[in-house]
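Me: Please examine the structure shown below and answer a series of questions on its side-chain contacts, its sheet and its loops.

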Amino acid sequence: MLFLAGEKVKAEVLAVHENTMAAKSVEIVKASPDRVQGDNEKWANNGYVRLANYKYDKQLEFKKSRIEQLLKKNEMDDVTVNDVIPSPKKLTYRNELVLPVREINGQLEVGFYEPRTAKFIPLNSYLIANENVAQDILGVRDILRKLKVSAYNPETNTGFIRDIDVRRSHSNNGMIVTLVTHENDHYDLPEIVGLVTQTMHNINGIVLNYNPHKPTDVTDSEQIFGKSNIPIWGDDYVEDTINDMTFKVSPKSFFQANGSQLQTIMDLALNLADLHLDDKLIDAYCGVGTLGLLAAKDVASVRGIENAQVTIEDARANAKKNKIDNITFYNGSVEQILARFAKNGENADVIITAPPVKGLSQGFIDAAVEMKPRRIVYGSANPDTMVRDLKRFKNSGYTTSKLLPIDTSPQTPDLKCFCVLTPAK
């Protein structure tokens, strides 16, 4: 049971440490007026959407306060935090859902791993997923059950189906299903495809992603997909539109799942970049090229860097589709490629970076500073690593005065945060 600030609870003490105590609440004696009752209690307690029992305006206050506390802990109190930009959609906003498949009590289930315990929790409905995405996840699950397809067992590294990924385009509603499998073929595969295409008329394509490797951590989302995407029916991508530009997005390629915040994120990042027509722009961790391609008309040149090959292939296809010819994409270690640019004496006027949740390496920061950009726009989905990196940038002579958080994940503690770093005066 999760409790909120200001509530009185009876709790079971689990462990006592020097400065902290671990406990779990067993009964709420006095509930907070900010608590949302009913089904939201269940969603919060199972850990899938941990803030679902908190009024939305209080969720935003909580997220802002968390960033402020991180800054204070890292002796960066001089950085102010704007109010969190709210999400237009609070529920059913996710256009992608990827869930592990496991066998529980003899039945194939889709679900998630409970935070801290790694216990698998089956799910039958989804508070934050688009209705069609959730419907198709469960529809594929039921087909796999009907055909008695074996679910993956991470302990023995056996079984056929590991994960189901359903991705939907925000702008045109196209949808693809990706079956992440432990084997690259299966005698039931044609029948699976046949039943999916017969019963789910909103699906545009089915892809098989082959991942034979045993995960070192079943909760690590970066270990979900294997290297190979195999189109087995229809399209192997969706397309989304931003500012009259079309973007191809394949399985494994990152794209903002909360479509209702997509335009806001793009506008915010580009406004912070304050681009000039003679600028040389670097888009590091460029994904499918969205920001770099949107910025291309406002600068002299763009270099996009991404370590995932399938993603850079999408980016190059998007440049060709949108007839953008002043952008070049580089595939490989983002840190190493940036360091090579710096070593060769190549400069950049503006660097935009939106790294994975692990944040930036010191090598990336050193290379970025060496290129002497007038602005670095940093977007992060992890406040902890972002604050760590801002402190490193400060030690290297680049500072920020303000963080601009945007809520991309209502009902959860997650959010996106942007800032601009400039040379210290």
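Reply: A charge sits over a ring if NZ of Lys or CZ of Arg is within 6 Å of the ring centre and within 35 degrees of the ring normal. The model is predicted, and the answers below are to be read accordingly.

Me: At what distance from the ring centre of tyrosine 237 does lysine 248 lie?
Reply: The distance limit for such a contact is 6 Å, from NZ in the case of Lys. Lysine 248 lies over the face of tyrosine 237, and its distance from the ring centre is 5.1 Å.

Me: Over the ring of which residue does the charged end of arginine 303 sit?
Reply: For Arg, the atom considered is CZ, again with a limit of 6 Å. The charged end of arginine 303 is 4.6 Å from the centre of the ring it sits over, which belongs to phenylalanine 341.

Me: What kind of aromatic pair do tyrosine 330 and phenylalanine 341 form?
Reply: The count of aromatic pairs in the model comes to 5. In the pair of tyrosine 330 and phenylalanine 341, the ring centres are 5.1 Å apart and the planes stand at 80°. Because planes over 60 degrees apart fall in that class, the pair is edge-to-face.

Me: Which elements hold tyrosine 330 and phenylalanine 341?
Reply: The two residues are 11 apart in the chain, and their pair links distant parts of it. Tyrosine 330 belongs to strand 15 (residues 327-331), and phenylalanine 341 to helix 8 (residues 334-343).

Me: Is phenylalanine 341 buried or exposed?
Reply: Its partner tyrosine 330 has a relative accessible area of 24% and is partly exposed. Phenylalanine 341 has a relative accessibility of 3%. The limit for burial is under 20%, so phenylalanine 341 counts as buried.

Me: Why is there no bond between the sulfur of cysteine 417 and that of cysteine 419?
Reply: A disulfide requires sulfur atoms within 2.5 Å, and the count of disulfides is 0. Cysteine 417 is buried, at 1% relative accessible area. Its closest cysteine sulfur is that of cysteine 419, and the bond is absent because the separation is too far, at 7.0 Å.

Me: How far from cysteine 286 is the nearest cysteine sulfur?
Reply: Cysteine 286 is buried, with a relative accessible area of 7%. It takes part in no disulfide, and the nearest cysteine sulfur, in cysteine 419, lies at 19 Å.

Me: Which strands stand at the edges of the open sheet of 7 strands?
Reply: The order in this sheet is 6-5-4-7-8-9-10, with mixed pairing. Neighbouring strands are turned by 35° against each other on average, direction ignored. A strand at the edge has a single partner, so one of its sides lacks a neighbour in the sheet; this holds for strand 6 (120-122) and strand 10 (228-234).

Me: How many bridges join strand 7 to strand 8?
Reply: Strand 4 (residues 96-104) pairs with strand 5 (residues 107-113) in the antiparallel sense over 4 bridges. Strand 4 also pairs antiparallel with strand 7, over 5 bridges, and valine 98 stands opposite aspartate 165 there. Strand 7 and strand 8 run antiparallel too, with aspartate 163 and valine 180 as bridge partners, and the number of bridges joining these strands is 7.

Me: How many of the residues of strand 7 are buried?
Reply: Strand 7 (161-168) is among the elements that each supply at least two residues of the largest nonpolar core. The strand is largely enclosed by the rest of the structure, because the buried residues number 8 of the 8.

Me: Which element supplies the largest share of the largest nonpolar core?
Reply: This core has 43 residues, and Tyr48, Tyr126 and Ile192 have the most contacts inside it. Tyr48 and Tyr126 also form one aromatic cluster with Phe112. The largest share of the core is 7 residues, supplied by helix 3.

Me: In which loop does aspartate 244 lie?
Reply: Aspartate 244 is a residue other than glycine with a positive phi, near 65°. At 78% relative accessibility it counts as exposed. Its loop is the one between strand 11 (238-242) and strand 12 (245-249).

Me: What is the relative accessible area of lysine 372?
Reply: Lysine 372 lies in the loop between helix 9 (362-370) and strand 17 (375-380). Its phi is positive, near 55°. The residue is exposed, with a relative accessible area of 64%.

Technical notes:
Residues numbered from 1 in each chain as written. Predicted model: local features only at pLDDT ≥ 70, side-chain atom pairs only at ≥ 80, totals over all residues. Heavy atoms only, no water. Phe/Tyr/Trp six-rings, centres within 6.5 Å; stacked < 30°, edge-to-face > 60°. Buried < 20%, exposed > 50% of the residue type's maximum accessible area, 1.4 Å probe, protein only. Pairing = 2+ DSSP bridges. Axes fitted to C-alpha atoms, helices over the stretch in contact; angles between N-to-C directions. Core = buried A, V, L, I, M, F, W, Y, C linked by side-chain atoms within 4.5 Å.
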